[in-house]
Amino acid sequence: MPHTWPALRQFCRERQVEFVEVDLRWGIPEAQSMRHETLTLCLNEIQACRPYFIGLVGERYGWVPGPEAITADLREEQPWRADFTDKSITELEILHGVLNNPDMAGRAFFYFREPAYARERGSDCLPESAEAAAQQANLKAAIRKACAAHQIPLRENYPDPRRLGELMVEDLQAVIEADYPKEATPDALTREAREHEAFAEIRRRTYIGRPDYFETLDRHARGDSGPLVLLGDSGGGKSALLANWVGRWREQHPQDLIIQHYIGSTPDSADHWRLMRRLIEEIKRWTDDPEEVSHSHVDLLKTFPVWLAKGRSKAEREHVRCILVLDALNQLADQDRARLLGWLPAHAFTGPLRLMTSTLPGETLHAAGSRGWAMPKVEPLTKEERHRMITAYLKRFSKQLDHPRIERLADADAAAPATANPLYLKILLDELRVAGTHERLDERLREYLAAPDIPALLTLVLAC
């Protein structure tokens with residue numbers, strides 16, 4: 001679903017909701033499969049996904065686990081399962097997910113593929129046997145009956161995957177809108193703050209905590225020195241570090257004002273004039289200052305230091321911090337020499353008014369260096385950190401890799417040095433997790449690890 005999932009993720013993010021699809025076609029390591037844990041894990045994931053469920057039903061009945069799959073734990077947790085030892089894992093998932101629980105009506109969806117599609121593609125899509133065909137027909141009949149009785153949406157005879165994707169987007173957007181309706185349109189300042197928070201929240205998920213870096217940022221926030229600028233390779237985790245630090249600091253210091261701005265994350269975020277105005281308006285709201293905000297560029301330059309001083313004064317009076325976090329200064333639009341940072345007052349950031357930024361090498365870094373800013377560097381992931389990131393990231397999508405495959409990905413000092421870059425590793429893992437079959441994992445892994453850097457990896461991804 002290369003187009004369906006991104007469309008739904010974007011739809012959800014507009015409502016401050018994160019969409020995570022769980023596809024159970026692969027992701028259970030061989031060791032757990034040998035311990036007969038496959039069924040238990042699948043049913044647990046369905047439970048975790050409630051109240052949402054998508055059932056795609058074709059012509060194949062699927063794998064029948066057999067009596068050995070009913071472990072002692074499963075028998076205790078799911079006693080109903082003992083009566084269905086002849087059912088396929090797909091039917092058991094449907095029973096557990098929807099048919100045994102009519103309350104799922106409205107948030108469960110079924111889609112039956114046009115049988116001609118399978119006939120045109122041969123044995124891989126056709127029933128395994130006459131018995132399996134009969135069982136699949138009975139399953140479809142049971143689904144139709146439940147859908148009619150409980151008003152569960154059922155779409156029959158979709159012709160191809162593209163049409164399936166269109167139907168799923170239509171159906172899921174309707175239920176998401178019902179569950180998470182857009183609120184009355186907030187003011188522009190609140191909308192922009194939410195967009196930056198949504199950007200940050202995505203980067204907080206499965207982040208591999210690096211305590212030394214958190215301590216560096218903590219010391220700067222508590223201190224009295226000038227601004228700090230994080231250095232590191234593109235995709236090296238600077239944005240994720242700042243986003244996670246912001247979330248952590250806010251929990252510990254709820255009275256502080258933190259304004260986070262991720263340049264490049266929204267259409268207007270790279271315009272330094274809009275950035276200045278946003279910072280001024282946030283400080284105006286925080287200080288409850290009645291003075292109007294200037295619109296002209298000349299007035300913004302003149303009044304910006306004054307508004308920063310107002311934020312610092314309130315922080316001093318209330319013994320709190322006013323912290324500006326500006327990520328990716330090098331991505332500022334190339335207008336009015338913005339990347340040379342002349343619009344940032346050189347001596348404004350003292351006392352409880354703190355400034356944290358990040359950048360890549362270039363004119364912005366040179367400008368920051370000429371001002372004597374502190375410049376800690378975010379280093380590439382260690383092998384142990386790569387192990388943790390691989391496991392944690394795939395776990396979000398209810399998938400796991402066997403230890404040998406994790407070793408191949410994590411051994412950055414040998415076959416895959418680029419996996420020490422968090423963005424490279426995330427792109428690669430995203431592509432692996434949408435691989436249609438478990439059998440293709442090694443092939444995909446070999447292809448992607450041949451890419452020496454992020455541009456080469458993206459070229460491979462786009463070519464698929």
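This is a short tour of a predicted model, stop by stop, with something to select at each one.

Two notes on reading it: residues are numbered from 1 along each chain as its sequence is written. Local features need pLDDT of at least 70, side-chain atom pairs count only at pLDDT 80 or more, totals for chains, interfaces and linings use all residues, and side-chain values use heavy atoms, with hydrogens and water left out.

**Whole chain**

Start with the cartoon view. You should find 19 helices and seven strands; these are DSSP runs numbered from the N terminus, with helices being H or I of at least four residues and strands E of at least two. Now switch on the surface. The chain exposes about 22,700 Å², and carbon and sulfur atoms supply 52% of that (Shrake-Rupley method, 1.4 Å probe; for residues, only the protein chains shown count as cover). Of the 464 residues, 47% count as buried, where buried means under 20% relative accessible area, exposed over 50%, and partly exposed in between (1.4 Å probe, protein chains only). Contacts, meaning heavy atoms within 4.5 Å, reach far along the sequence: among those between residues at least 6 apart, 75% join residues at least 24 apart.

**Salt bridges**

Side chains of opposite charge can pair when their charged atoms come close. The structure holds 32 salt bridges, each a side-chain nitrogen of Lys or Arg within 4 Å of a carboxyl oxygen of Asp or Glu.

Select Glu170 and Arg155 for one of them, at 3.2 Å from N to O. This pair links distant parts of the chain, with Glu170 in helix 8 (residues 161-179) and Arg155 in strand 3 (residues 154-158), 15 residues apart. Glu170 is partly exposed at 44% relative accessible area, and Arg155 is partly exposed at 25%.

Stay in strand 3 for a moment and pick Asn157. What is unusual to look for in its phi? The angle of Asn157 is near 65 degrees, a positive value in a residue other than glycine. Asn157 is partly exposed, with a relative accessible area of 42%.

Next, select Arg405 and Asp442, whose side chains meet at 2.9 Å, N to O. Arg405 sits in helix 16 (residues 403-410) and Asp442 in helix 18 (residues 441-449), 37 residues apart. Is Arg405 buried or exposed? Arg405 is buried at 12% relative accessible area, whereas Asp442 is partly exposed at 30%. Then select Glu197, Glu201, Arg204 and Arg250: salt bridges that share partners join these four into one network.

For another pair, go to Arg274 and Asp268, with their closest N and O atoms 3.6 Å apart. Arg274 is partly exposed at 48% relative accessible area, and Asp268 is partly exposed at 38%.

**The second largest pocket**

Rolling a probe the size of a water molecule over the atoms shows where empty space is left. Select Arg13, Glu14, Arg15, Gln16 and Glu195, the closest to the centre of the second largest pocket among its 20 lining residues. About 590 Å³ of space lies there. (On a 1 Å grid over the protein atoms alone, a pocket is an open set of points where a 1.4 Å probe fits, with protein on both sides within 12 Å along at least five of seven lines; lining residues have an atom within 4 Å of a point. Points are joined across faces, edges and corners, and the volume is the space filled by probe spheres set on them.)

Which helix gives the largest share of the lining? Helix 9 does, with six residues; helix 1 (4-13) and helix 9 (188-204) each supply at least two. Colour the lining by class and you get seven nonpolar, five polar and eight charged residues (Ala, Val, Leu, Ile, Met, Phe, Trp, Tyr, Cys and Pro are nonpolar; Asp, Glu, Lys and Arg charged; the others, Gly among them, polar).

While helix 9 is on screen, select His196. His196 is buried at 0% relative accessible area. Leaving aside residues up to four places away in sequence, its contacts include Gln260, His261, Tyr262 and Arg278.

**Last stops in the loops**

Pick Lys399, in the loop between helix 15 (383-396) and helix 16. Lys399 is buried at 3% relative accessible area. Add Asp23: the C-alpha atoms of the two are separated by 8.3 Å, although they are 376 residues apart along the chain.

Then find Pro51, between helix 3 (38-49) and strand 1 (53-57). The peptide bond from Arg50 to Pro51 is cis, with omega near 10 degrees.

Finish at Asp336, in the loop between strand 6 (322-327) and strand 7 (353-358). Phi of Asp336 is near 50 degrees, again positive in a residue other than glycine.
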